[in-house]
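Reader: Got a minute to go through this one with me? I'd like to talk about confidence, packing and charges.

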Amino acid sequence: MASAPSLTCKPPTPQQSKDTSAIQSKDTATLCKPEPSMSTHSKGTPPPIRDDSCLPHSLMHPASTASTIAYTDHVDYSDHHKKSEEHKSKHSEPLTTVSSMYSSHRKHKKKTSATLCPSKYVAIDCEMVGAGPEGSISLLARCSVVNYDGDILYDEFIKPTMPVTDYRTRWSGVREKDLRHATNFSEAKNKILRLITGKVLVGHALHNDFKALSYIHPAHMTRDTSQIPLLNKKAGFSDSQCASLKRLTKAIFNKDIQTGRRGHCSVEDARAAMELYKVVEVEWENELNSKSQAS
């Protein structure tokens with residue numbers, strides 16, 4: 001360790017001042033020298049190209065492109081520029097930026113109305129039991145509502161408003177024990193209507209569900225998959241044929257539903273109806289829009 005300087009203050013000699021200034025200049029130059037980093041590029045080498053394809057939508061904005069241009073203004077990449085000009089002379093089509101590709105993809109997705117606002121679409125299915133003589137009166141015993149992606153919004157057993165004389169378990173899937181602690185009809189109906197009011201409602205043979213609920217949904221917001229010739233055509237059935245949900249699902253998706261001895265499942269049926277709707281969604285909506293404009 002060097003000894004402590006003397007307390008006696010003496011003015012430096014001219015030679016000492018000159019040497020000290022030279023050392024300080026050298027130290028200053030060393031401190032101001034930038035450390036090597038990823039942002040430093042050799043002359044003629046372009047900076048790394050930003051890939052915005054993995055950015056969230058909120059960051060996919062023209063401002064991001066502007067910031068990229070501003071960042072590269074000070075870089076000399078004349079060689080790269082020459083190569084780019086040569087490429088443009090060989091190819092008539094301009095280079096497509098990542099942002100413009102994303103914008104083009106969003107425009108393409110606008111072909112389907114549900115893609116723009118899937119929360120407006122729900123599917124419903126109800127299971128009924130019988131009351132009265134020989135179970136001839138159909139009463140609501142279970143209801144399921146799913147969203148556009150098939151997620152369950154509502155699924156409950158509902159206490160019938162009359163004594164049950166036929167549980168129709170083979171078709172309804174409902175058993176006596178399922179209704180012992182079931183939801184009251186009026187309470188269940190209020191919950192269901194809150195979910196479907198103002199929504200485009202998808203289902204199969206919806207008139208049966210509406211009758212069980214004592215409710216009628218607006219016709220222009222109803223999509224009944226049992227009444228669309230487009231589905232029959234894709235399934236290979238005649239236009240006038242009223243095909244069951246089971247047959248349509250098997251013909252179009254090669255998928256079996258409503259199998260086994262446990263009866264139907266309203267969640268499965270609601271999801272199947274929504275998937276069938278998606279098959280013809282674009283054509284169906286365009287056809288309905290054309291009819292609406294014509295009238």
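Author: Sure. One term to start with: a charge sits over a ring if NZ of Lys or CZ of Arg is within 6 Å of the ring centre and within 35 degrees of the ring normal. Keep in mind that this is a predicted model.

Reader: OK, so which ring does the charged end of Arg-247 sit over?

Author: The ring of Phe-237, with 4.4 Å to its centre. Arg-142 has its charged end over a ring too, that of Phe-157, 5.4 Å from the centre.

Reader: Before I get carried away, what's the mean pLDDT of the protein?

Author: The mean is 75, and 61% of the residues reach 70 or more. Two stretches stay under 50: residues 1-9, with zero contacts beyond four places in sequence, and residues 20-75, with 37 such contacts. Where pLDDT is low, the coordinates shouldn't be read in detail.

Reader: Fair enough. Which residues have the most contacts inside the largest nonpolar core?

Author: Leu-248 and Met-274, in a core of 24 residues. Helix α11 (266-279) is one of the elements supplying at least two residues, and α11 gives the most, six.

Reader: And what does Leu-248 touch?

Author: Leaving aside residues up to four places away in sequence, its contacts include His-204, Thr-225, Leu-231, Phe-237 and Leu-276. Apart from that core lies another one of 20 residues, among them Ile-124, Leu-140, Leu-213 and Tyr-215.

Reader: Switching to aromatics, how many pairs are there?

Author: Four aromatic pairs. Phe-210 and Tyr-215 have ring centres 6.0 Å apart and planes at 80°, so they count as edge-to-face.

Reader: Are those two buried or exposed?

Author: Phe-210 is buried, at 12% relative accessible area, and Tyr-215 is buried at 15%. Elsewhere, ring pairs join Tyr-121, Tyr-148, Tyr-277 and Trp-284 into a cluster.

Reader: Now salt bridges. How many?

Author: Eight. In one of them Arg-223 pairs with Glu-285, the closest N and O atoms being 2.9 Å apart. That pair links distant parts of the chain, strand β6 and helix α12, 62 residues apart.

Reader: Buried or exposed, that Arg-223 and Glu-285?

Author: Both are buried. Lys-191 and Glu-156 also meet in a salt bridge, at 3.7 Å from N to O. There, Lys-191 is partly exposed at 27% relative accessibility, and Glu-156 is partly exposed at 22%.

Reader: Which residues are linked with Lys-191 in a network?

Author: Glu-156 and Glu-187: salt bridges link them and Lys-191 in a network.

Notes
Residues numbered from 1 in each chain as written. Predicted model: local features only at pLDDT ≥ 70, side-chain atom pairs only at ≥ 80, totals over all residues. Heavy atoms only, no water. Phe/Tyr/Trp six-rings, centres within 6.5 Å; stacked < 30°, edge-to-face > 60°. Buried < 20%, exposed > 50% of the residue type's maximum accessible area, 1.4 Å probe, protein only. pLDDT = per-residue confidence, 0-100. Contact = heavy atoms within 4.5 Å. Core = buried A, V, L, I, M, F, W, Y, C linked by side-chain atoms within 4.5 Å. Helix = DSSP H or I, 4+ residues; strand = E, 2+ residues; numbered from the N terminus. Salt bridge = Lys/Arg side-chain N within 4 Å of Asp/Glu carboxyl O.
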